[in-house]
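Biologist: I'd like a close look at one part of this model, please, with its contacts traced out residue by residue. Choose the part you find most useful for me, and keep the terms clear as you go.

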Amino acid sequence: MSLCPPYAPFFGFAGVSAAMIFSTVGAAIGTAKAGIGIAGLGTFKPELIMKSLIPVVMSGIIAVYGLVVSVLIAGSLTPNEYPLAAGFVHLGAGVACGMTGLSAGYAIGYVGDSVRVRALLYESRVFVSMVLILIFAEVLGLYGLIVALIMNTQVGNMSC
């Protein structure tokens with residue numbers, strides 16, 4: 001059996017898809033959940049809307065992580081000389097980035113809706129602590145990006 005079968009790029013493209021789809025879904029969930037909270041906040045205190053956009057911006061960054069990993073993986077795909085092991089590594093890198101992006105987007109949306117926006121309505125001193133919680137949620141996606149980048153660098157050593 002050959003080390004470079006013709007179906008090996010399928011796994012690499014599956015990694016591209018996993019990174020892009022799951023991280024974008026996470027960003028969409030985070031934006032939607034935080035947006036619902038912002039819409040509710042805007043009816044009571046419209047002056048706090050600009051402060052409340054932080055979770056939406058942070059959710060968008062999650063999608064950028066998936067885009068970066070997808071472009072890097074797609075750039076190293078070569079149809080004729082692509083080992084099966086590289087396909088599996090790229091699949092793992094895409095899933096790692098995508099799933100951490102999904103979880104980070106959900107966490108950002110949950111914090112942005114229930115804690116950040118609703119607590120800010122009643123008590124303005126929670127702003128700094130909520131931003132810290134949002135940063136910790138964002139770091140989940142950053143961990144996935146770093147793992148995917150490390151995995152992608154290991155593919156350069158593989159050959160048919």
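Modeller: Happily! Let me start with a term: two residues are in contact, or touch, when heavy atoms of the two lie within 4.5 Å. What you see is a predicted model, in which local features need a pLDDT of at least 70 and side-chain atom pairs count only at pLDDT 80 or more, while totals for chains, interfaces and linings use all residues. Residues are numbered from 1 along each chain as its sequence is written, and side-chain values use heavy atoms, with hydrogens and water left out.

Let's take helix 3, which covers residues 84–122. Helices here are DSSP runs of H or I with at least four residues, strands are runs of E with at least two, and both are numbered from the N terminus. As for pLDDT, the predictor's confidence in each residue on a scale from 0 to 100, the protein chain has a mean of 88, with 96% of its residues at 70 or more. Helix 3 has the lowest mean among the elements, 88, and helix 2 the highest, 94.

Just ahead of the helix, Pro83 is found in the loop between helix 2 and helix 3. Pro83 is buried because its relative accessible area is 8%; buried means under 20%, exposed over 50% and partly exposed in between, using a 1.4 Å probe and protein chains only. Setting aside neighbours within four places in sequence, Pro83 is in contact with Leu3, Cys4, Ala8, Met158, Ser159 and Cys160. One of these, Ser159, is 76 residues from Pro83 in sequence, yet their C-alpha atoms are 6.1 Å apart.

Now for the rings. Rings of Phe, Tyr and Trp (its six-membered ring) pair if their centres lie within 6.5 Å; planes under 30 degrees apart count as stacked, over 60 as edge-to-face and the rest as tilted. The count by this rule is three aromatic pairs. One of them joins Phe11 and Phe88, a tilted pair at 4.7 Å centre to centre with 50° between the planes. Since Phe11 lies in helix 1 (residues 8–44) and Phe88 in helix 3, this pair ties together parts that are 77 residues apart in sequence. Phe88 itself is partly exposed, at 44% relative accessible area. Tyr106 and Tyr110 make a stacked pair, 6.2 Å centre to centre and 20° between the planes. These two tyrosines are four residues apart in helix 3, so about one helical turn separates them. Tyr106 is partly exposed at 45% relative accessibility, and Tyr110 is partly exposed at 45% as well. Phe88 also belongs to an aromatic cluster with Phe10 and Phe11.

Gly94, also in helix 3, is buried, with a relative accessible area of 0%. Beyond residues up to four places away in sequence, Gly94 touches Gly15, Ala18, Ala19 and Ile73. Its C-alpha atom is 18 Å from that of Gly60, which is 34 residues away along the chain.

Next comes the nonpolar core, meaning a set of buried Ala, Val, Leu, Ile, Met, Phe, Trp, Tyr and Cys residues joined through side-chain atoms within 4.5 Å. The largest one has 25 residues, and those with the most contacts inside it are Ile62, Val69, Cys97 and Ile108. Helix 1, helix 2 (54–75), helix 3 and helix 4 each give two or more residues to this core. Helix 3 gives the most, with eight residues. Again leaving out residues up to four places away, Ile108 touches Pro55, Met58, Ser59, Ile62, Leu134, Ala137 and Glu138.

Of those partners, Leu134, Ala137 and Glu138 are among the buried residues of helix 4. With 28 residues (127–154), helix 4 should span 40 Å at 1.5 Å a residue, and its end C-alpha atoms are 41 Å apart, which agrees; the expected span is 1.5 Å times one less than the number of residues.

Finally, the record. UniProt's unreviewed entry lists residues 84–106 as one of its "transmembrane region" features, and places "domain: V-ATPase proteolipid subunit C-like" at residues 15–73 and 91–151. UniProt positions follow the numbering used here, feature names are shortened, and annotations may be inferred rather than shown by experiment.
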